[in-house]
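Biologist: Please pick one stretch of this model and take me through it up close. I'd also like to know what sits around it.

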Amino acid sequence: MLQEACNPTRWLQNRKKRDRVGKADAELSDTERWVARLGLDSAYGFLGELGLHDHERPARRYGLGVAIGSLPVTLESLVGAYTALAGDGRLRQPAWTAESSKGSAREAPRRVISGESARLVTLYL
């Protein structure tokens, strides 16, 4: 470590490398930065819990693109995800009409994120 610090060429190379990484991080959107910090697999798993994908393809197929909408999402799954945010983090099947919600047995909502996190996300939106 001391030899590296005393070697001006090595120090300059490392500084340039750090500057490039910092600049690249500054160019990321907030959601891309969130995915990068959380980890791609964790973020992809979370989006799957919200019903936004079916785990058919691996997370690495999409990369940081999961943060900017590269997942193929249906209107129904998107409505479900927003419903989970509005329902304090509890995901339930959407009911498209009043009759469909009365006549059929719907599964109980399940918690996918904490109520506090759901409220923070809705404030962010």
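Modeller: I'll go with α4 and the loop after it, then turn to the pockets. Bear in mind that this is a predicted model, where local features need pLDDT of at least 70 and side-chain atom pairs 80 or more, while totals for chains, interfaces and linings use all residues. Residues are numbered from 1 along each chain, and side-chain values use heavy atoms, with hydrogens and water left out.

First, the setting. The chain has 7 helices and 2 strands (DSSP runs: H or I of at least four residues, E of at least two). From the N terminus the order is α-α-α-α-α-β-α-β-α. Of the 125 residues, 22% are buried (under 20% relative accessible area with a 1.4 Å probe; exposed is over 50%, partly exposed in between).

Now α4 itself, which spans 40-49. Its buried residues are A43, Y44, L47 and G48. These four sit on the same side of α4, because they cover an arc of only 140° around the axis (taken from the directions to the C-beta atoms). That fits the usual geometry: with 3.6 residues a turn, residues three or four places apart in an α-helix point the same way. The buried residues of α4 pack against α3 (contact: heavy atoms within 4.5 Å).

Just past the end of α4, G51 takes a positive phi of about 85°. Further along, in the loop between α4 and α5, comes H53. Despite being a loop residue, H53 is buried, with a relative accessible area of 12%. Leaving aside residues up to four places away in sequence, H53 touches Y44, L47, G48 and L71. Three of those names should ring a bell: Y44, L47 and G48 are among the buried residues of α4.

The side chain of H53 also has polar partners (N or O atoms within 3.5 Å, one able to donate a hydrogen and the other to accept it). One of its polar atoms lies 2.6 Å from the backbone oxygen of Y44. The H53 side chain also reaches the backbone nitrogen of H55 at 3.0 Å.

H55 is worth a pause too. It is found in the loop between α4 and α5, and its phi is near 60°, a positive value in a residue other than glycine. Most residues other than glycine have a negative phi. At 49% relative accessibility, H55 counts as partly exposed, whereas H53 is buried.

What about the space around α4? α4 is one of the elements that give two or more residues to the lining of the largest pocket, along with α3 (30-38), α5 (75-86) and α7 (115-124). A pocket here is an open set of 1 Å grid points for a 1.4 Å probe, with protein on both sides within 12 Å along at least five of seven lines, and lining residues have an atom within 4 Å of a point. The largest pocket holds about 830 Å³ of space, counted as the space filled by probe spheres. It has 24 lining residues, and the closest to its centre are T31, W34, F46, L47 and V121. So L47 turns up again: it is buried in α4, touches H53 and lines this pocket.

The second largest pocket has a volume of about 200 Å³. G51, with its positive phi, is one of the lining residues there, as are L50, E76 and R110. The biggest contributor to that lining is α5, with 4 residues.
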